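Here's a quick look at a ligand site and at how the protein around it is laid out. Keep the 3D view open while you read.

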Amino acid sequence: MKSPWIPRALREAPRLDPSIRPGEVSPRRALLINPFYAKDPHASFGKHVLTPSLALTSIAGATPEGWEVAYWDENLLQGPPPWEPFPRVVGITVHLTFAARAYELAAWYRGRGATVVLGGLHVLSCPDEAAPHADALAIGEGVRIWPEILRDVEAGTLRPVYRGSYRAPYREEPPPRRDLIPRRGFLTTTSVIATRGCHNRCGFCYLATDALQMPYQVRDAEQVAEEIRADGQPYAVFIDNNLGSRPEYLRRLCAALRPLEIIWSAAVTIDVTDDPSIVREMALAGCTGVFIGFESLAGENLDDAGKKSPRPADYARRVRILHDHGIQVNGSFVLGFDHDRADVFDRTVAWIEDARLECATFHILTPYPGTPLFRSMEEEGRLLHRDWSLYDTSHAVFRPRHMTPEELEAGYARCYERLFSHASIWRRRPADRRAVPPYLAMSYLYKKSNRIWHTLIRHRLTGPAWRPLVEWSRRRHLRFRRRLERSSILASEAAGCVVSAGV
Ligand code: B12
Ligand code: SF4
């Protein structure tokens with residue numbers, strides 16, 4: 001099989017120059033870094049600039065007065081993070097896939113006199129590994145501990161570990177500093193979060209990590225709507241784990257979003273279709289796409305993972321409910337579960353085509369440290385290594401039951417190849433002819449244009465290039481909504497949207 005194209009800038013982190021000797025330390029300046037990670041050439045490069053992570057902008061929002069804060073995302077391909085003026089504090093977010101890069105950055109800044117604070121999911125699951133690379137670790141929720149850390153730096157009383165609790169009232173947190181994000185760098189800067197936690201606790205999900213205690217919490221619907229309004233973009237992406245966890249809250253949120261006349265997408269579980277009237281409210285509030293973790297078409301796999309979900313035999317009917325309300329579906333599928341055999345790849349893609357999912361993402365089953373899945377794989381001696389950079393869901397890091405790791409990786413690559421083929425894109429087109437042109441534009445621009453994405457990212461053109469298309473989709477959707485208001489469903493009519501459904 002031919003390897004897909006990937007330029008060096010998307011494979012390798014920018015070089016940190018060992019000869020640089022920065023000037024004096026700026027005593028009340030903090031630099032926040034989202035480290036580089038290698039991109040999967042099988043998937044769309046566009047997903048990485050759809051919408052930014054809220055990890056660092058959230059803590060930036062809690063920076064005490066008198067401190068200056070700067071933000072650098074290495075994935076925007078503008079080189080290594082800045083060193084002039086040289087920051088007193090460097091805060092780095094750490095996920096397992098880019099832990100090695102985070103440690104490299106930490107060493108570079110520490111070696112030149114900065115105080116380095118590491119936080120994020122990987123610090124929570126592997127604090128002992130992260131500790132030697134930092135002056136302080138922020139374990140768990142960061143918004144409340146970030147100001148404390150900066151005050152302790154000033155007072156010279158920094159402790160090696162700070163622990164933040166996810167039990168504190170979520171609605172009291174300050175809004176994220178979206179103004180720090182380069183607006184031209186993303187399709188939209190309006191990443192937004194309304195809820196925390198999930199009613200499920202699937203064994204492979206990071207939410208099942210031992211050290212993570214995240215009770216379900218929601219923010220006031222009006223507060224969320226106000227944040228979206230303040231960012232002034234036509235498209236918002238909810239980054240909640242599952243925006244549909246509490247249907248009555250989702251209803252309230254939709255009521256608050258409706259007057260904004262924006263479009264939005266979100267991750268939900270397929271049981272959101274239990275009550276089609278909620279789906280209708282989502283559509284009327286501007287929802288153009290949902291990202292749904294179908295995970296597997298085999299019920300035994302869902303049972304093993306402890307996922308409380310409708311049976312796969314009912315998935316297609318439920319997808320139709322979403323389509324009937326003009327909502328595109330981006331399905332997420334995990335490959336390599338214990339009941340998966342060599343036919344899982346072709347069967348999954350065939351189902352996606354039959355159900356006419358506009359988009360899909362594939363993930364090789366990945367045991368995240370600290371989860372029940374990791375523990376059982378470890379006990380069974382099935383883990384192949386602990387090179388976290390390969391725990392990115394595009395590599396097989398464990399021994400599957402019914403195939404070799406190589407067969408799993410090859411099957412995964414084949415799924416993407418087939419899904420992105422002209423024939424598959426055409427087979428999945430919406431039934432309504434009027435929605436076909438925006439669907440084709442979305443498929444080709446988003447899924448088959450990795451060379452264009454690379455150019456857009458490098459030249460900071462993602463925002464300006466997409467903005468007219470997003471605005472066009474919004475206007476089209478407003479007209480669709482007016483028609484939907486007048487009828488119960490528009491089964492034969494699709495809304496048609498150029499923006500892909502979720503991350
Ligand atoms: C936005 C997002 C993305 C974006 C941006 C990613 C980026 N790094 O820039 C995109 C779409 C590009 C993306 C891609 C991927 N993602 Co992603 N993504 C998310 C998502 C939906 C939201 C992240 C976020 O903003 N959270 C909200 C913030 C506020 O929470 P937080 O990050 O935990 O930060 C808090 C604390 O941890 C702490 N904190 C964090 N950092 C720091 C630093 C300091 C100094 C301090 C003091 C505190 C602190 O304070 C914050 C506020 O409380 C999460 C799911 C989720 N809802 O969290 C998945 C998630 C992070 N992604 C995940 C994965 C697997 C991926 C992919 C590998 C998937 C794939 N195969 O494509 C890719 C590649 C990324 C990679 N290699 O790491 C997993 C990670 C699992 C794990 N254990 O590591 C998650 C958890 C999704 C999931 N349910 O599995 N992702
Ligand atoms: S439903 Fe999704 S977000 Fe919720 S625990 Fe399962 S995988 Fe995680």
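## Around the ligand

α1 is the top contributor to the shell around ligand 1, putting in three residues. That helix covers 55–60, and it joins β3 (86–93) and β4 (115–119) as elements that each supply at least two residues of this shell. Bear in mind that this is a predicted model.

In total, 36 residues surround ligand 1. If you want to zoom in, go for Gly-91, Thr-93, Gly-119, Ala-138 and Gly-142, which are the closest.

What sort of residues make up the shell? Sorted by class, ligand 1 has 18 nonpolar, 15 polar and three charged residues around it.

## Two domains, one ligand

The protein splits into domain 1 (8–170) and domain 2 (182–486). Measure up the ligand's place against that split: both domains give residues to the shell around ligand 1, so the ligand lies between them. Taken over C-alpha atoms, the centres of domain 1 and domain 2 sit 27 Å apart.

## Where the domains meet

How many residues are in contact across the two domains? On the domain 1 side there are 25, and they touch 39 residues of domain 2. Looking at domain 1's side of this contact, α2 (99–110) and α3 (121–125) are the elements that give two or more residues. The largest share comes from α3, with three residues.

As for chemistry, the side of domain 1 that touches domain 2 has 17 nonpolar residues, along with six polar and two charged ones.

Notes
Residues numbered from 1 in each chain as written. Chains lettered and ligands numbered in written order. Predicted model: local features only at pLDDT ≥ 70, side-chain atom pairs only at ≥ 80, totals over all residues. Near = placed C-beta within 6 Å. Helix = DSSP H or I, 4+ residues; strand = E, 2+ residues; numbered from the N terminus. Nonpolar A, V, L, I, M, F, W, Y, C, P; charged D, E, K, R; others polar. Domains from an automatic or database assignment. Contact = placed C-beta atoms within 7 Å.
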